[in-house]
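User: Could you walk me through reading the features of a protein model, one at a time? I would like the general idea and then the case at hand.

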Amino acid sequence: MLIVAPTAQDAVGPSLPAHYRALYQSYPGSKELVIVFSPTRNFVMVKTDWRRNVLFLADKRANYYAQYPGRAVSGLLRFLREQGIEKTLFFGTSKGGFGALLWTALCAQKAPTLMWRCVAFSPQTLLVPLNERLYFPSYKNMMLRAERDPVLMQNLTRYGDAKVIEGLPNVFVTIVYSEKNRVDAEEASRLFGPNIRKLPLPFAFHGTLFPFVMDRSDPTALREFVTRIYKDIIVDPDLAATLPRNPDELASAILQTQWIPSLDTLLSEIFSVLTH
């Protein structure tokens with residue numbers, strides 16, 4: 001499944017502010033690291049075969065990874081040095097995509113001699129000022145909290161625009177989005193630059209990660225996978241707000257896109273980038 005329950009006890013990871021959770025999985029012999037920003041309060045894709053080191057992150061307060069990110073990135077950079085990581089790729093979808101873009105930019109600013117990579121699937125790119133396009137329950141709830149919490153509002157005001165990543169010479173960004181989804185397309189359209197590559201997909205739904213992680217060679221298995229995704233909407237209001245009403249619509253659209261590479265192929269291609 002795409003979304004799994006968190007482990008009972010997290011593995012040793014970087015020292016982060018208290019409202020973040022981290023789970024580190026090492027891959028012997030690899031000097032590459034994927035940092036996975038969950039779009040939920042739980043870790044995601046823990047059972048995926050990443051074939052490299054993986055650091056799973058979750059924002060326990062669903063603040064789009066925008067609360068104390070500077071402090072978090074400082075701890076992350078220390079951790080990367082301790083682990084001997086040579087190549088890092090920030091990975092996120094939806095609100096996790098915003099976190100991936102933001103933390104990539106902050107790492108690139110703090111460590112300008114290193115090359116940083118990011119892939120964001122259907123990311124939100126503007127949190128503050130109030131973004132009327134964002135219909136997600138988590139965004140509306142966060143902004144309500146910010147009205148009562150001046151510290152959160154201060155963080156959102158400082159870090160709430162992913163345009164900070166534009167033009168950074170030591171960053172290579174890939175944004176995957178659904179060109180027929182108005183919110184996806186408009187959020188992606190805000191970011192430009194020689195360091196930003198966009199991959200539009202011919203979908204109307206928000207979940208552009210799905211075709212990369214599904215087995216599209218087996219229609220029966222794919223439809224079973226889609227059925228499991230729809231069961232998750234009970235505990236994930238954001239997911240419920242973004243999926244087509246009919247599961248068959250999602251499955252049929254994905255089945256028609258055999259040209260989309262596997263997730264491992266996409267990540268390997270991004271890791272192969274030396275300069276941009």
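Analyst: Happy to; what follows goes through helix packing, aromatic rings, backbone geometry and a few single residues. Keep in mind that this is a predicted model.

User: Let's begin with helices. How do I read the packing of two of them, and at what angle do the axes of α1 and α2 cross?

Analyst: Two packed helices are described by the angle and the distance between their axes. Here, helix α1 spans residues 69–83 and helix α2 residues 95–110; their axes come within 10 Å and cross at roughly 65 degrees. The crossing is right-handed.

User: Which residues of α1 meet which residues of α2?

Analyst: From α1, Pro69, Gly70, Ala72, Val73, Ser74, Leu76 and Leu77 take part, and they meet Leu102, Trp103, Leu106, Cys107 and Lys110 of α2. Sorted by class, this contact has nine nonpolar residues, two polar and one charged.

User: Trp103 is on that list. How many aromatic pairs does the model have?

Analyst: The count comes to 14 aromatic pairs. A good one to study is phenylalanine 37 with tryptophan 103: the centres are 5.2 Å apart and the planes make 85 degrees, which is edge-to-face. Phenylalanine 37 belongs to strand β2 (residues 32–37) and tryptophan 103 to helix α2, so this pair ties together parts that lie 66 residues apart in sequence.

User: Are those two rings buried or exposed?

Analyst: Relative accessible area is the value to read, and under 20% counts as buried. Phenylalanine 37 has 1%, so it is buried. Tryptophan 103 is buried too, because its value is 0%.

User: What would a tilted pair look like, and where does each of its rings stand in accessibility?

Analyst: Try tyrosine 135 and phenylalanine 136: their centres are 4.4 Å apart, with 35 degrees between the planes, and the pair is tilted. Tyrosine 135 is partly exposed at 27% relative accessible area, whereas phenylalanine 136 is buried at 1%.

User: Which residues do ring pairs link into a cluster?

Analyst: The cluster consists of Tyr20, Phe37, Tyr65, Phe90, Trp103 and Trp116, linked by ring pairs. Phe37 and Trp103 are the edge-to-face pair we have just read.

User: Rings can also have a charge over them. Which lysines sit over a ring here?

Analyst: For this feature, look at the distance of the charged end from the ring centre and at its place over the face. Lysine 95 lies over the face of tyrosine 64, 5.6 Å from the ring centre. Lysine 198 has its charged end over the ring of phenylalanine 192, at 4.5 Å from the centre.

User: Where is phenylalanine 192, and what does it touch?

Analyst: Phenylalanine 192 is in the loop between α5 (182–189) and β7 (196–201). It is exposed, with 56% relative accessible area. Leaving out residues up to four places away in sequence, phenylalanine 192 touches Glu166 and Lys198.

User: Now the backbone. Which peptide bond is cis?

Analyst: Omega is the angle to check: the bond joining valine 128 and proline 129 is cis, with omega about 5 degrees. Proline 129 lies in the loop between β5 (116–121) and α3 (137–148).

User: And which residues have a positive phi although they are not glycines?

Analyst: Two cases are worth a look. Arginine 51 has a phi of about 60 degrees and lies in the loop between β2 and β3 (53–59). Tyrosine 68, with a phi of about 55 degrees, is in the loop between β3 and α1. Tyrosine 68 is partly exposed, at 27% relative accessible area.

User: What do valine 151 and leucine 250 touch beyond their sequence neighbours?

Analyst: Read the contacts along with the location. Valine 151, in helix α4 (residues 150–159), is in contact with Gln67 and Tyr68, setting aside neighbours within four places in sequence. The C-alpha atoms of valine 151 and glutamine 67 are 8.5 Å apart, though 84 residues separate them along the chain. Valine 151 is partly exposed, at 34%.

Leucine 250, in helix α9 (residues 247–255), is buried at 0% relative accessible area. With residues up to four places away left out, leucine 250 touches Phe205, Phe210, Val226, Tyr230, Leu243 and Pro244.

Methods:
Residues numbered from 1 in each chain as written. Predicted model: local features only at pLDDT ≥ 70, side-chain atom pairs only at ≥ 80, totals over all residues. Heavy atoms only, no water. Axes fitted to C-alpha atoms, helices over the stretch in contact; angles between N-to-C directions. Helix = DSSP H or I, 4+ residues; strand = E, 2+ residues; numbered from the N terminus. Left-handed = near helix turned anticlockwise from the far one by under 90°. Contact = heavy atoms within 4.5 Å. Nonpolar A, V, L, I, M, F, W, Y, C, P; charged D, E, K, R; others polar. Phe/Tyr/Trp six-rings, centres within 6.5 Å; stacked < 30°, edge-to-face > 60°. Buried < 20%, exposed > 50% of the residue type's maximum accessible area, 1.4 Å probe, protein only. Lys NZ or Arg CZ within 6 Å of the ring centre and 35° of its normal.
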